[in-house]
Amino acid sequence: MTVPPIGVAVIGAGYWGPNLVRNFQNNGGFQLRWLCDLDESRARRVVGPYSTVRVTTELAEVLADPEVGAVAVATPAGTHLPVALAALQAGKHVVVEKPLAATYAEGLELVSEADRRGLTLMCDHTFCYTPVVTRIRELLHHGEVGELQYVDSVRINLGLVQRDIDVVWDLAPHDLSILDHVLPPHVRPVSVSAVGTDPIGAGRSCIAYLTLTLSNGAIAHVHVNWLSPIKVRTTIIGGSRRTLVWDDVNPMLRLSVFDRGVDIATKDKLDEQERRDLLISYRSGDMIAPALGEREALAAMVEEFGRAIRTGTPALTDGRAGLRVLAILEAASQSLDKGGLTIPLPETVTG
Ligand SMILES: NC(=O)c1ccc[n+]([C@@H]2O[C@H](COP(=O)([O-])OP(=O)(O)OC[C@H]3O[C@@H](n4cnc5c(N)ncnc54)[C@H](O)[C@@H]3O)[C@@H](O)[C@H]2O)c1
C-alpha cells in the first residue's frame, strides 16, 4: 500500500529556507504545498514562475490548509516561538531550524505544547545528519573508542560578526548539538564555564572558549572565533581505545581513527620508583580512514522528520535535543557574564 505524502509548508525564504524547499521537493514522503515569507517576492523567486507551490505572506493562510500536516520553520531565531507555536496549535507537526528558540523558556514552551498535542517537534541540527557525525556516533555508541576521555572542538574562521548574538550563540550550537548527538548514553554534560573576549569593540564576544565537564569526569572543550584568518573545523575525540580526528575542511581525510594514545600500566601495587618508571606507555598502532557516504545532511534530516511523524516516535534531534543545547548556551552566557564561573546544568541536560 502506498502511503500518501505529507503536505508540508516552509516558513522563511531567506538564506536557509530554499535548502529546505529543495529537500522537501526531492523527498517522495512529502508534498511541498506552501512557501511563506513576509517578503512575497523573495518567496516567489525561490519557487520559480511555473511552480504549483503556493506563496503567501500570511502564516494563518498556511495553517488553515487542512492538507498541510507539517511545517518547517526557517525564520530568524527570535521568531521561532510565535511561528512554531501557532503551527503546533493548528495541529501541525513542526521542524524548527537551529536554535530551537531564542531562550530556554521559549524552547520549553514549544516542547510542552508538542507533548500536550502528541505532535512531532524536531530541531534541525543539520550537522547531526552528516555521514561523518553519524559514523562518529556509531563509533562512540558501539564502544570502539572505549571510555570517553576528552573532546576538543575548534570552529574558527573570519566570520560574519552578528548584530544580535555573540560568537557562542552563533557558532557553538553546532558543536553542542553534535556533542549531544554523539555522546554515549551514559555520558552527559554536567557543568559549563565560558570565557570570551571582544578585542574589536563589537559589543559582544567574538572569541570564546567553553569548557564542559561530563558526567564520567571527561572534559569537552569548544573554541569558537569570528576573527581567525584561517578556517579550522577540527574535533578530536579521545578515548581509552581509539582517538577520532574529524577535520571538516579536509574532504580527502575527513575522519581518522587512531589506535594511538597513552596508556598507564595497571599493576596493583607500584612503589615510588616503579611509578616513575613504568606508568606511562605509548601505543602507536594504525590509523584508519573510514569510508563515509556522500548523502546531503538536509536530505537525511527531512527523511528523519517524515519517519518521526509516521511512526509517532521522537526524531533523532527532537525538541528535547534542541532544549538541551539551549540550556548549555544559556549557562555559557551566564558564565561569560561572571568571568568564567562554572555553572551547573539543569536536569534536562544531565538526566
Ligand atoms: N541548519 C543550519 O545549518 C542553518 C544554517 C543557516 C541558518 N540556519 C537557521 O535558519 C533560520 C533562518 O536563517 P537565515 O539565515 O535563512 O535567515 P534570513 O534572515 O536569511 O531569512 C529569514 C527569512 O524569514 C522571513 N521571515 C521573518 N519572520 C517571518 C515570519 N514571521 N513569517 C514569515 N517569514 C518570516 C524573512 O523575511 C526572511 O526572508 C535561523 O534560525 C538560522 O539559525 C540554520
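Author: Strands in this predicted model are DSSP runs of E, at least two residues each, numbered from the N terminus. Tyr282 is found in one of them, strand 14.

Reader: Okay, and why does Tyr282 count as exposed?

Author: The cut-off for exposed is over 50% relative accessible area. Tyr282 has 67%, so it counts as exposed.

Reader: What makes Val262, Ile264, Ile280 and Tyr282 a patch?

Author: Residues of a patch need over 30% relative accessible area and no salt bridge, and nonpolar side chains are joined within 5 Å. Val262, Ile264, Ile280 and Tyr282 form such a nonpolar patch on the surface, with about 440 Å² of accessible area together. Strand 13 (255-264) and strand 14 (280-288) are the elements that give two or more residues to it.

Reader: On to charges. How do you know that Arg117 and Glu113 meet in a salt bridge?

Author: The side-chain nitrogen has to be within 4 Å of a carboxyl oxygen. For Arg117 and Glu113 the N to O distance is 2.5 Å, so the pair passes that cut-off. Both sit in helix 5 (residues 104-117), four residues apart, about one turn of the helix.

Reader: Are those two buried or exposed, and why?

Author: Buried means under 20%. Glu113 has a relative accessible area of 7%, so Glu113 is buried. Arg117 comes in at 42%, which lies between the 20% and 50% limits, so Arg117 is partly exposed.

Reader: What about Asp248 and Arg254: what makes them a salt bridge?

Author: Their side chains meet at 3.0 Å, N to O, and the limit is 4 Å, so the pair qualifies. Asp248 has 22% relative accessible area and is therefore partly exposed; Arg254, at 27%, is partly exposed too.

Reader: Which salt bridge has both partners buried?

Author: Arg188 with Asp180 is one: the closest N and O atoms are 2.8 Å apart, and both residues are buried. The structure holds 16 salt bridges, and Arg33, Arg54 and Asp65 are linked in a network of them.

Reader: Now the ligand. How do you know that Arg42 makes a polar contact with it?

Author: A polar contact needs N or O atoms within 3.5 Å. A polar side-chain atom of Arg42 lies 2.4 Å from an oxygen atom of the ligand, so that pair counts. Glu97 also qualifies, with a polar side-chain atom 2.9 Å from a ligand nitrogen. Trp16 uses a backbone N or O atom, 2.8 Å from a ligand oxygen. Taken alone the ligand exposes 850 Å², and the protein buries 77% of that.

Notes:
Residues are numbered from 1 along each chain as its sequence is written. This is a predicted model: local features need pLDDT of at least 70, side-chain atom pairs count only at pLDDT 80 or more; totals for chains, interfaces and linings use all residues. Side-chain values use heavy atoms; hydrogens and water are left out. Patches are made of residues with over 30% relative accessible area and no salt bridge: like charges are joined within 9 Å, nonpolar side chains (Val, Leu, Ile, Met, Phe, Trp, Tyr) within 5 Å. Accessible areas come from the Shrake-Rupley method with a 1.4 Å probe; for residues, only the protein chains shown count as cover. Buried means under 20% relative accessible area, exposed over 50%, partly exposed in between (1.4 Å probe, protein chains only). A polar contact is a pair of N or O atoms within 3.5 Å; within protein, one must be able to donate a hydrogen and the other to accept it, and residues adjacent in sequence count only if both atoms are side-chain atoms.
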